[in-house]
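Visitor: I am new to this structure and should like a close look at a single part of it. Please begin with one loop and then relate that part to the whole.

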Amino acid sequence: MKAVSKRMGAAQLLLLAFFVIAVILPVARMLVYMVDTDVAKLLTSDSFTKALLNSLAVSATTTLIAVLLAWGLAWCVVRSNIRFKGLFAILFILPMLIPSISHGMGLVVLFGANGVVTNLLSLSSNIYGFWGIVIGSLMYSFPVAYLMISEVLRFEDSSPYEAAVVLGISKPRQITAIAFPYLRKPLVVTAFAVFTLVITDYGVPLMVGGQYTTLPVMLYQDVIGLLDFGKGSAIGMVLLIPAVISFLIDLLNKDKGNTTYVTKPFRIAKNTPRDVFATIVCFAVGLFVLLPIVAFAILTFVKKYPSDMSFTLDNITRTFNMQAGTYLANSLLIAVCVAAIGVVVAIVTAYLTARVPGRLPKSLHLFSITSLAIPGIVLGLSYVLFFKGSFIYGTLAILMLVNMVHFFASPYLMMYNAFSKMNKNLEAVGATLGVSRLRIILDVFLPQTKSTIAEMFSYFFVNSMMTISAVSFLATVSTRPLSLMITTFEAQMMLEGAAFVSLLILAINLLLKGGINLYKSRMQKKEAA
């Protein structure tokens with residue numbers, strides 16, 4: 001037993017050292033880099049103040065709309081008898097499978113100065129500016145809010161509502177007295193998650209912001225365009241603030257929310273007006289989601305938008321002539337390695353934190369979820385400053401490392417929660433019977449968590465395929481992933497090539513998600529049999 005405890009302790013210390021090197025030290029190096037920068041002058045400058053106010057305005061507006069929209073959609077899907085629920089569930093998460101900058105590009109094609117809809121309806125205004133950023137940010141952020149809220153609604157207990165009906169309490173009063181208190185903490189966590197997602201994104205503002213500059217765009221321009229790492233570090237420090245607040249709120253709400261175990265699921269009564277209304281809302285939002293994707297498809301096969309809309313395959317040929325095949329291979333290699341290594345590291349870490357008692361596991365758990373508080377663009381910049389000159393700098397390895405760290409927390413928490421729910425006495429019983437911990441993990445824990453492992457792999461892979469923020473400062477000509485071709489095409493005003501790359505990333509991620517869902521469906525059928 002002592003030998004096992006020593007091995008467990010050594011593994012925990014090794015993982016702690018990994019997170020210190022891969023997360024804490026790079027961010028600390030970035031903050032130290034500000035020493036030679038006049039931070040006070042920067043923070044009080046007109047350009048910074050304007051960008052900060054713009055970022056806050058865009059993020060607050062988008063968050064409010066995204067949370068309300070997600071709540072409405074979750075209610076329509078979970079609390080009604082509409083048809084095609086599976087189809088809507090897929091439609092609503094499609095925006096999560098392509099880079100945020102692609103949404104901005106789709107809006108330019110549809111509603112830009114020469115947009116399809118703009119010309120068709122002879123509109124005098126266009127999408128650039130505040131509302132363009134809000135709409136683009138809404139498209140890729142509301143799916144996150146939808147998934148979080150629908151999960152909460154799906155496991156809500158119906159007993160309080162049935163008791164309220166017996167007591168003659170009106171529907172509006174049920175909402176204020178039962179629904180709001182139950183959803184309050186999940187909604188707060190969701191709102192901060194969406195706010196952080198929007199305020200740290202530069203993809204959408206870069207495409208449709210025009211003269212309306214936000215902090216992430218300012219950081220991107222200063223670092224990529226001017227190589228001003230000191231100023232970039234100062235802006236990165238400011239962008240850390242909302243992410244850290246969101247992280248702390250999420251941490252403080254763990255296991256303290258009003259969520260309950262389902263004692264009685266909702267019985268959805270027949271209600272035609274409600275179902276018709278829910279169907280119309282879902283179809284409207286589904287159309288809103290599909291419009292940019294349709295725009296990508298059209299743009300991919302036209303000669304030159306908007307001057308020559310004749311059909312051609314030249315854009316695909318040109319894209320591959322610009323080394324798209326090499327960059328696609330880079331992306332696939334990065335995504336597969338990040339997913340495979342990330343899943344293994346997350347499983348080991350989750351076991352050591354969820355199944356091994358002591359203070360060290362608690363510290364490891366905190367370090368494991370620290371990356372939740374670091375936006376991708378900030379993490380990428382910190383890696384440039386910390387790893388520059390090292391043997392992994394400029395290689396695919398550093399891109400794999402930054403992606404794994406960036407996306408580690410969510411898959412880790414999936415497995416942590418799964419392990420935490422299992423019988424606490426399994427290891428003790430195994431020790432009594434002379435069965436090792438490793439044997440229990442291989443024969444009991446992993447078979448019981450196959451679906452979770454599949455979701456973890458999917459999360460790592462999909463996000464690694466489409467990320468731009470974390471890798472934009474680190475990729476070289478030879479290691480560039482496919483997603484960065486979108487920014488290259490955008491800078492050269494070659495929207496047709498960028499559209500094709502966006503569709504290619506979407507297709508790969510859809511294939512992966514479809515394969516994972518098919519695997520989980522077969523597993524469920526086997527378990528049912």
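Guide: Gln 323 lies in the loop between helix 14, residues 314-321, and helix 15. The model is a predicted one. The phi of Gln 323 is near 70°, a positive value in a residue other than glycine. Most residues other than glycine have a negative phi. At 40% relative accessibility, Gln 323 counts as partly exposed, since the buried class ends under 20% and the exposed class begins over 50%.

A second loop residue may be set beside Gln 323. Phe 84 is found in the loop between helix 3 (46-78) and helix 4 (85-93). Its phi is near 60°, again positive in a residue other than glycine. Phe 84 is partly exposed, with a relative accessible area of 45%.

The loop of Gln 323 leads to helix 15, which covers residues 324-354 and gives the most to the largest nonpolar core, with 15 residues. That core has 158 residues, and those with the most contacts inside it are Phe 92, Tyr 383, Phe 419 and Leu 482. Three of these names lead to other parts of the chain.

Consider Phe 92. Leaving aside residues up to four places away in sequence, Phe 92 touches Leu 73, Val 77, Phe 142, Pro 143, Tyr 146, Cys 282, Val 285 and Gly 286. One of these neighbours, Cys 282, is buried, with a relative accessible area of 0%. The sulfur of Cys 282 is 4.7 Å from the closest cysteine sulfur, that of Cys 76, which is too far for a bond; the limit for a disulfide is 2.5 Å. By this rule the count of disulfides comes to zero. Another cysteine, Cys 337, is partly exposed, with a relative accessible area of 23%.

Tyr 383 belongs to helix 17, where it is among the buried residues, together with Gly 376, Ile 377, Val 378 and others. Helix 17 runs over residues 376-387 and has twelve residues; it reaches 16 Å from its first C-alpha to its last, close to the 16 Å expected at 1.5 Å a residue. Eleven of its twelve residues are buried, so helix 17 is largely enclosed by the rest of the structure. After this helix comes Gly 389, whose phi is positive, near 95°.

Phe 419 leads to one more loop. Thr 449 touches Phe 419 as well as Met 415, Ala 418 and Met 422, not counting residues up to four places away in sequence. Thr 449 has its place in the loop between helix 21 (437-448) and helix 22 (450-466). At 2% relative accessibility, Thr 449 counts as buried, whereas Gln 323, also a loop residue, counts as partly exposed at 40%.

These parts may now be placed within the whole. The chain has 24 helices and two strands. Of its 529 residues, 50% count as buried. Among contacts with a separation of 6 or more, 82% join residues 24 or more positions apart. For 529 residues, a compact globule would have a radius of gyration near 24 Å, and the chain, with 24 Å, agrees with that value. Taken along the principal axes, its C-alpha atoms fill a box of roughly 75 × 65 × 50 Å. The accessible surface comes to about 24,700 Å², of which 68% belongs to carbon and sulfur atoms.

Notes
Residues are numbered from 1 along each chain as its sequence is written. This is a predicted model: local features need pLDDT of at least 70, side-chain atom pairs count only at pLDDT 80 or more; totals for chains, interfaces and linings use all residues. Side-chain values use heavy atoms; hydrogens and water are left out. Helices (H or I, at least four residues) and strands (E, at least two) are DSSP runs, numbered from the N terminus. The expected span of a helix is 1.5 Å times one less than its number of residues. Buried means under 20% relative accessible area, exposed over 50%, partly exposed in between (1.4 Å probe, protein chains only). A nonpolar core is a set of buried Ala, Val, Leu, Ile, Met, Phe, Trp, Tyr and Cys residues joined through side-chain atoms within 4.5 Å. Contact means heavy atoms within 4.5 Å. The radius of gyration is taken over C-alpha atoms; the globule rule is 2.2 Å times the number of residues to the power 0.38. Accessible areas come from the Shrake-Rupley method with a 1.4 Å probe; for residues, only the protein chains shown count as cover.
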